[in-house]
Amino acid sequence: MAAKKTPAVTTSESGATIRDSFDKELFKRSVLYNIKTLYRKTLEEASKQQIFQAVCLAIKDQVIDLWLETQKQYEKKDPKTVYYLSMEFLMGRALGNMMINMKAYKDVAAALDELGLDLNAIEDQEPDAALGNGGLGRLAACFLDSLATLGYSSYGCGIRYRYGMFKQKIKDGYQVEAPDNWLENGNPFELRRPEYAKEIHFGGYVNVRVDENGRNNYYQEGYQAVKAIPYDLPIVGYGNGIVNTLRIWDAEPIDVFRLDSFDKGDYQKAVEQENLARNIVEVLYPNDNHYAGKELRLKQQYFFISASVQEAVAKYMRNHKDIRKFYEKVTFQLNDTHPTVAIAELMRILMDEYYLTWDEAWEVTTKTCAYTNHTIMAEALEKWPIELFSRLLPRIYQIIEEINRRFVLDIERKFPGDQEKIRKMAIIYDGQVKMAHLAICAGYSVNGVARLHTEILKNQELKDFYQMFPEKFNNKTNGITQRRFLLHGNPLLADWVTAHIGDDWITDLSKIKKLKVYADDEKSQQEFMNIKYQNKVRLAKYIKEHNGIDVDPRSIFDVQVKRLHEYKRQLLNILHVMYLYNELKEHPEMDFYPRTFIFGAKAAAGYMNAKLTIKLINSVADVINADPAIGGKIKVVFIEDYRVSNAEIIFAASDVSEQISTASKEASGTGNMKFMLNGALTIGTMDGANVEIVEEVGEENAFIFGLSSDEVINFENYGGYNPMDIFNNDPDIRKVLMQLINGTFAPDDPERFRPLYNSLLNTQNTSRADTYFILKDFKSYAEAQKRVEKAYKDESAWARSAILNTACSGKFTSDRTIQEYVDDIWHLDKVVLKRK
C-alpha cells in the first residue's frame, strides 16, 4: 500500500512550520465545517454569500499562521518599519489576491470544483472594500502588496470607512451617489484589535502648567473625545510567507450612551458622542463645499493620524528605551498632504508625553517623516482656515505656529529681505495653514511620482522650496503590482507569458522583456490577439449584462477609465466621438473601422462640470447607440461604478488606452501602466508617466498628440491662446460645440450642457475659457485617432506593438518603485523567512 502523501513544509528560523503546498482535503473540510458552525446549514442549503464567508475563513485560517510567524520574526529581528499613512487604500477584492499570493489559486479552484462550487462565482460575492477612490488609493494598495512581497516590515494606516466615497448609480444618464454598504455582511478577513484603542481629542483649549524644573507643560482640556479602534487586515506577500498589516481605524464613542442625559430629556446630548464617532468614519472625502464638510475632513485626518502615530510610538517603546532614537526604527511616509498633521502630532507626543525639548523633538520628527507629492493641481495642496484649524486642534495649531515662526526665520536668513519668498513659502499665511509647506519644511524627503512631474515641482510649483532644500527632492516613478493586474486580472495572458518565458516575471517584472523576441513571430502574434479577443468577449458579456448594450468584440475597444476631472479630459474624448458621429452621418460611405468607446469614472459629489460630463457621455451614447443609420460602427458605453474588480476585466480587454490629460497636469497616472501591461496601445499626451512609457516602448508603438507641458505652462504664464479663434475658424469643431446647446443630445432641454459649452468658450472672460486646452488639442487628437484606425487595420503590426507594450512594461512595477523608496529614502532591512 502506497504511503499517503503529506504536504511539504518549510521551517522558519524560529522553528515554526509554514506549509509550502496546499492541503486540499483540509481546506474542503474547513469550508464545510465553517458552513455548519456559522450558519447551521449543509453545503446544499447555504446561500452564495454564506459559502463565500466560509471559504474566506478557511483561507484566513492559513493566513493567520503566516501572519503570526511574520510578527514573531519582526519582533526577533527588530527591522525598521515604514508606516504608510494614507486617506485611501483602494484594495479591491481580497480573496482572489490572497490566494494568488499564497500560490494556491488553482488548488483552491480545484478543491471547490470537487465540492461542486465555482470559484469565480464565489469571488463575485465579495464587494470591493470601499476604502479608497482613485489612483492615490490604488497606488497605496499596490505599495502594500510590494512591501510584503519584497519582505519589508510595514503598516498601512487609514480609516475604516463605513460607506466609502459612494456607490455610483446611473439614472437617466446622471450620476447618483448611493451609500456603498460594503460591510453589510461583515469583512471576514479583518481582526478587531480593541487592546490597541487610542483616545483622540478635538477642540477645547490648551492649559500651561510649570513643573518643578521650571518647564512649561501643555495640556489640552475641555475637549471632545472619541475612541479609535484598529481593525487589522492581512497583506500577503507573494510566495514568501510574509504577511504585513493594513490597519484601518474605526471610531467609537468614549461614553456609549449617556443615560442620565437621556432621562432628563436631553436626547441630543445623549447621543452626541455616538454621532461624533459615526460621522468621522462614515464616508471618504465628505463634500467640503461648506464649512461643516471642511471641519469633518480635518477631523478625519487628525483622527487616523493621531491614532496611528500614538500606536507607532507605543509599539516602539514596548521594545526600546530611548524615544530619541525613534527614527532609527520607524519612518512615516505621508501619501500626499492629507496625513501631514502627523508632523505636529509626533512633535506633540514627543514634547508633551515624553518631555523632549523642542530641538530634540524636531530632530526626531524631521528624521522620521517623508512626503510624497501626488499632484500639480493647486486645489489639492490642502489649506485650512486658521479659525477652523486652531479651534478644532488647538495644541496642534500651537506647534505648527512655532514651526512656522522658526521656518520664516530660516527663510529670512537664506533669502534676506525677500518678503515674496516668505509669502510663497510660509506655512501660515493669509489666514491659512498650508499643509504642503509643512510637509516640505519638516520632511526629510520630498518626492514626485514621475520624472516630468518631479521636474515641474522643482522648476515651477515648488521652485522656492527646491532652491532652499535641493537635497530633499527626488523622483519615484509610480508602479503597479503585476500580481493583481496580470496574474489575477488576465489569467489567459498570464499563462501565455509564463509558458513563453517562465514565471520569474511574477516577482521580477523586468524579466518580461524576454517576450520581445516573440513580437515578430506570427504564431505568437495570433495567440496574443486571440487572448485579447477572448478578453473582449468577456467584457462584452459584462457590458450586455450591466448596460444592456451589444458591442462587437471585433471592434476597436477604445477605453478611458479613471477619476473624472476636467484636466483628465473625458470631455475631449466625448467631443471627438460626437465629431466622428457627425462624419459618419455626413459621409455614410466613408471607410470606418468599427469602434467601441468605453468610459468609466466617478465624479466628486460636488463637482458639477464633472457630473455634467457623465450626463453628456450617456446622452451621446443614447443617441448614437440607437441610430440605425450608422450601422453599429460606433458604440458608446459608460460602465457604472468603476472600481478595481471591474477594472481588471476592462484592462485585459482594451485595445487603446486613453491617457489624454492636459500636459503638465497629471502627476503620473497608473492606469496607463495597467493598460500597457495588458497589451493596449496608448493614445496620449506627453504627460506624467506617459513620457516614460513612450521611452520604454518607443513612440512608434504609441499615438502621441497635443501640446507639450512647456507649451501649456507658457500659455498659462503669458497668454496667447483664445479658444474663440478655433471656434470661429474650424467648422467641424464649431458644429460639435453648437450641438452642446442646440438640443442634438438633449432635445428635452437644449440648455442642459450650456455650462460645458461656457467652460470652453467663456465669452465674458477668455482668459478663463478652455483652461485645459481641449479645443487647442482637438485636431491633433483627431489626427492621432486616425493613426489608431490605420494601425489597427494592419493586424500583424498591431499585434507586434501590443506584444511590445507588454514586453516593455517591466519598469512600471510597484516592486521597482518600492525598492527605490527603500534604497533612497526609508533604508529598511529585508526580512526573509528561512526555509529548510
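**Two glutamates and a nonpolar core**

At 65% relative accessibility, E795 counts as exposed, because the cut-off for that class is over 50%. The model is a predicted one, and the values here are computed from it. E795 is found in helix α32, which covers residues 795-807. In sequence, E795 and Q525 are 270 residues apart, yet their C-alpha atoms lie 8.9 Å from each other in space.

A second glutamate, E666, falls on the other side of the accessibility scale. Its relative accessibility is 11%, so E666 counts as buried, the limit for that class being under 20%. E666 sits in a loop, with strand β23 (656-659) before the loop and helix α25 (671-677) after it. What joins the side chains of E666 and K568? The link is a polar contact of 2.9 Å. K568 also appears among the residues in contact with E666 once neighbours within four places in sequence are left aside. The others on that list are Y567, S661, D687 and G688.

The last stop is the nonpolar interior. The largest nonpolar core has 274 residues, and F303 and F332 are those with the most contacts inside it. Which helix gives the most to this core? Helix α2, residues 48-77, does so with 11 residues.

F332 can be followed further through its surroundings. Without counting neighbours within four places in sequence, F332 is in contact with Y83 and L85, with V309, A312 and F326, and with L346. T368, C369 and A370 complete the set of residues in contact with F332.

Notes:
Residues are numbered from 1 along each chain as its sequence is written. This is a predicted model: local features need pLDDT of at least 70, side-chain atom pairs count only at pLDDT 80 or more; totals for chains, interfaces and linings use all residues. Side-chain values use heavy atoms; hydrogens and water are left out. Helices (H or I, at least four residues) and strands (E, at least two) are DSSP runs, numbered from the N terminus. Buried means under 20% relative accessible area, exposed over 50%, partly exposed in between (1.4 Å probe, protein chains only). A polar contact is a pair of N or O atoms within 3.5 Å; within protein, one must be able to donate a hydrogen and the other to accept it, and residues adjacent in sequence count only if both atoms are side-chain atoms. Contact means heavy atoms within 4.5 Å. A nonpolar core is a set of buried Ala, Val, Leu, Ile, Met, Phe, Trp, Tyr and Cys residues joined through side-chain atoms within 4.5 Å.
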